[in-house]
Amino acid sequence: MIIVTVENGKQFKGETYSKVVKEMARSTWFEQSKLQYMEGVAHRCRVWDGSEIKYTTPKEFIYELLRVGVLVDVRLEDH
């Protein structure tokens, strides 16, 4: 199980990084695909503070969000 925590303390969980990103995408105000969500977040990072996040996979996306401070924790738990 992968558990990520965002700045406000909210957590998202999934068996894969792809499922975690899908859960994050579902938490938005409007329905969007995982790809749309990742592109939108990358755009908002650039606009907000100039952070460039580079990713080709959901796993890379998650760790880029950790690097720029959008996520405060990424944990892997065996269950």
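The legends below describe an overall view and several close-up views of a predicted model.

**View 1. Overall fold of the predicted protein model.** The secondary structure of the protein comprises three helices and three strands, and these elements follow one another from the N terminus in the order β-β-α-α-α-β. Measured out along the principal axes, the C-alpha trace extends over about 40 × 25 × 25 Å. The radius of gyration of the protein is 12 Å, which agrees with the value near 12 Å that a compact globule of 79 residues would have. Of the 79 residues, 35% count as buried, and among the contacts that join residues at least 6 apart in sequence, 37% link residues at least 24 apart.

**View 2. The buried side of helix α1.** Helix α1 runs over residues 17–26, and its residues Tyr17, Val20, Val21, Met24 and Ala25 are buried. These residues cover an arc of only 140° around the axis, which puts them on the same side of α1. Their packing partners are the strands β1 (2–6), β2 (11–14) and β3 (71–76), together with the helices α2 (34–49) and α3 (58–68).

**View 3. The buried face of helix α3 and the residue that follows the helix.** In α3 the residues Pro58, Phe61, Ile62, Glu64 and Leu65 are buried. Seen down the axis of α3, they fall within an arc of 165°, so they line one face of the helix. The elements that cover these buried residues include the strands β1 and β3 as well as the helices α1 and α2. Just after α3 comes Gly69, whose phi is positive, at about 95°.

**View 4. The largest pocket and its lining.** The largest pocket holds about 640 Å³ of space. Its lining is made up of 22 residues, of which Glu7, Tyr37, Val41, Arg44 and Val70 are the closest to the centre of the pocket. Helices α2 and α3 each supply at least two residues of this lining, and the largest share, six residues, comes from α2. Sorted by class, the lining of the largest pocket contains 12 nonpolar, six polar and four charged residues.

**View 5. Surroundings of Gly14 in strand β2.** Gly14 lies in strand β2, and it counts as buried because its relative accessibility is 8%, where the cut-off for a buried residue is under 20%. When residues up to four places away in sequence are not counted, Gly14 touches Met1, Ile2, Lys19 and Val20; of these contacts, Val20 is one of the buried residues of helix α1. Gly14 and Glu64 stand 50 residues apart in sequence, and the distance between their C-alpha atoms is 18 Å; Glu64 is itself among the buried residues of α3.

**View 6. Gly50 in the loop between two helices.** Gly50 belongs to the loop between α2 and α3. With a relative accessible area of 47%, Gly50 is partly exposed, since residues count as exposed when this value is over 50% and as buried when it is under 20%. Gly50 and Met24 are 26 residues apart along the chain, and their C-alpha atoms are separated by 22 Å. Met24, in contrast to the partly exposed Gly50, is one of the buried residues of helix α1.

Conventions
Residues are numbered from 1 along each chain as its sequence is written. This is a predicted model: local features need pLDDT of at least 70, side-chain atom pairs count only at pLDDT 80 or more; totals for chains, interfaces and linings use all residues. Side-chain values use heavy atoms; hydrogens and water are left out. Buried means under 20% relative accessible area, exposed over 50%, partly exposed in between (1.4 Å probe, protein chains only). Helices (H or I, at least four residues) and strands (E, at least two) are DSSP runs, numbered from the N terminus. The arc is that of the directions from the helix axis to the C-beta atoms. Contact means heavy atoms within 4.5 Å. On a 1 Å grid over the protein atoms alone, a cavity is a set of points where a 1.4 Å probe fits but cannot get out, and a pocket is an open set with protein on both sides within 12 Å along at least five of seven lines; lining residues have an atom within 4 Å of a point. Grid points are joined across faces, edges and corners, and a volume is the space filled by probe spheres set on the points. Ala, Val, Leu, Ile, Met, Phe, Trp, Tyr, Cys and Pro count as nonpolar, Asp, Glu, Lys and Arg as charged, and the others, Gly among them, as polar. The radius of gyration is taken over C-alpha atoms; the globule rule is 2.2 Å times the number of residues to the power 0.38.
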